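Here is an informal walk through a small set of features in one protein model. Have a look at the sequence and the 3D view first, then read on.

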Amino acid sequence: QEMTSRLSPGLTTDEVLELVGPPQRRGQNLFDKRKEYWIYEFVKQQKPKRRSRDAERNGQETVLESELQLLFERGRLVNWNVVPIKG
């Protein structure tokens with residue numbers, strides 16, 4: 001995805017925020033507090049199979065398609081990974 005083309009190793013957390021915006025979720029490594037994970041979720045729109053109240057309101061449901069996981073160590077981007085989500 002084009003979001004990953006903007007990333008490069010060594011970027012600070014502030015630079016990543018400027019380039020791609022805030023993540024949906026953040027986490028820390030339990031064994032190494034210097035490591036922090038940021039997760040961006042990508043969804044796709046799809047017509048609902050069954051009628052739910054939310055789907056009736058907007059006519060579509062969002063389905064999680066993939067996640068972009070970024071790993072920071074000491075405030076610097078170390079690597080990233082796109083993980084497809086099987087529905």
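## Starting at Pro 84

At 56% relative accessibility, Pro 84 counts as exposed (exposed means over 50% relative accessible area, buried under 20%, and partly exposed in between, using a 1.4 Å probe and protein chains only). Pro 84 sits in strand E4, which covers residues 76–84. Strands (E, at least two residues) and helices (H or I, at least four) are DSSP runs, numbered from the N terminus. Setting aside neighbours within four places in sequence, Pro 84 is in contact with Glu 65 and Ser 66, where contact means heavy atoms within 4.5 Å. Its C-alpha atom is 6.4 Å from that of Glu 67, and these two residues are 17 apart along the chain.

Before going further, a word on what you are looking at. This is a predicted model, in which local features need pLDDT of at least 70 and side-chain atom pairs count only at pLDDT 80 or more, while totals for chains, interfaces and linings use all residues. Residues are numbered from 1 along each chain as its sequence is written, and side-chain values use heavy atoms, with hydrogens and water left out.

## The whole chain

How many helices and strands does the protein chain have? There are three helices and four strands, and from the N terminus on they run α-α-β-β-α-β-β. Of the 87 residues, 26% count as buried. The chain exposes about 6,400 Å², with carbon and sulfur atoms supplying 48% of that; these areas come from the Shrake-Rupley method with a 1.4 Å probe, and for residues only the protein chains shown count as cover. Among contacts with a separation of 6 or more, 42% are between residues 24 or more positions apart.

How confident is the predictor? The pLDDT score gives its confidence in each residue, from 0 to 100. The chain averages 86, and 79% of the residues score at least 70. Among the elements, helix H3 (residues 53–58) has the lowest mean pLDDT, 56, and H2 the highest, 96.

## The hairpin of E3 and E4

Back to the strand that holds Pro 84. E4 runs antiparallel to E3, and eight bridges join the two; strands are said to pair if DSSP finds at least two bridges between them. Within this pairing, Leu 71 stands opposite Asn 79 in E4. The two strands form a hairpin with two residues between them.

Arg 74 is found in the loop between E3 and E4. Is Arg 74 buried or exposed? It is exposed, with a relative accessible area of 58%. Arg 74 has a positive phi of about 55° although it is not a glycine. For background, most residues other than glycine have a negative phi.

## The nonpolar core

The largest nonpolar core has 12 residues: Met 3, Leu 7, Leu 11, Val 16, Val 20, Trp 38, Tyr 40, Phe 42, Leu 68, Leu 70, Phe 72 and Leu 77. Helix H2 (13–20), strand E2 (35–46) and strand E3 (61–73) each supply at least two of them. A nonpolar core here is a set of buried Ala, Val, Leu, Ile, Met, Phe, Trp, Tyr and Cys residues joined through side-chain atoms within 4.5 Å.

Try picking out Leu 68, a member of this core. Apart from neighbours within four places in sequence, Leu 68 is in contact with ten or so names worth finding, among them Met 3, Leu 7, Trp 38, Phe 42 and Trp 80.## Salt bridges

The structure holds four salt bridges, each a side-chain nitrogen of Lys or Arg within 4 Å of a carboxyl oxygen of Asp or Glu. Here are some of them.

| Pair | Closest N to O |
|---|---|
| Arg 25 and Glu 41 | 2.5 Å |
| Arg 25 and Glu 67 | 3.2 Å |
| Arg 34 and Asp 32 | 3.0 Å |

Arg 25 lies in strand E1 (residues 25–28) and Glu 41 in strand E2, so their bridge ties together parts that are 16 residues apart in sequence. With Glu 67 in strand E3, the other bridge of Arg 25 ties together parts that are 42 residues apart. Arg 25 is partly exposed at 36% relative accessible area, and Glu 41 is partly exposed at 26%. Glu 67, in contrast, counts as buried at 8%.

Arg 34 is partly exposed at 43%, whereas its partner Asp 32 is buried at 15%. Salt bridges that share partners join Arg 25, Glu 41 and Glu 67 into one network.

Definitions and conventions:
pLDDT = per-residue confidence, 0-100.
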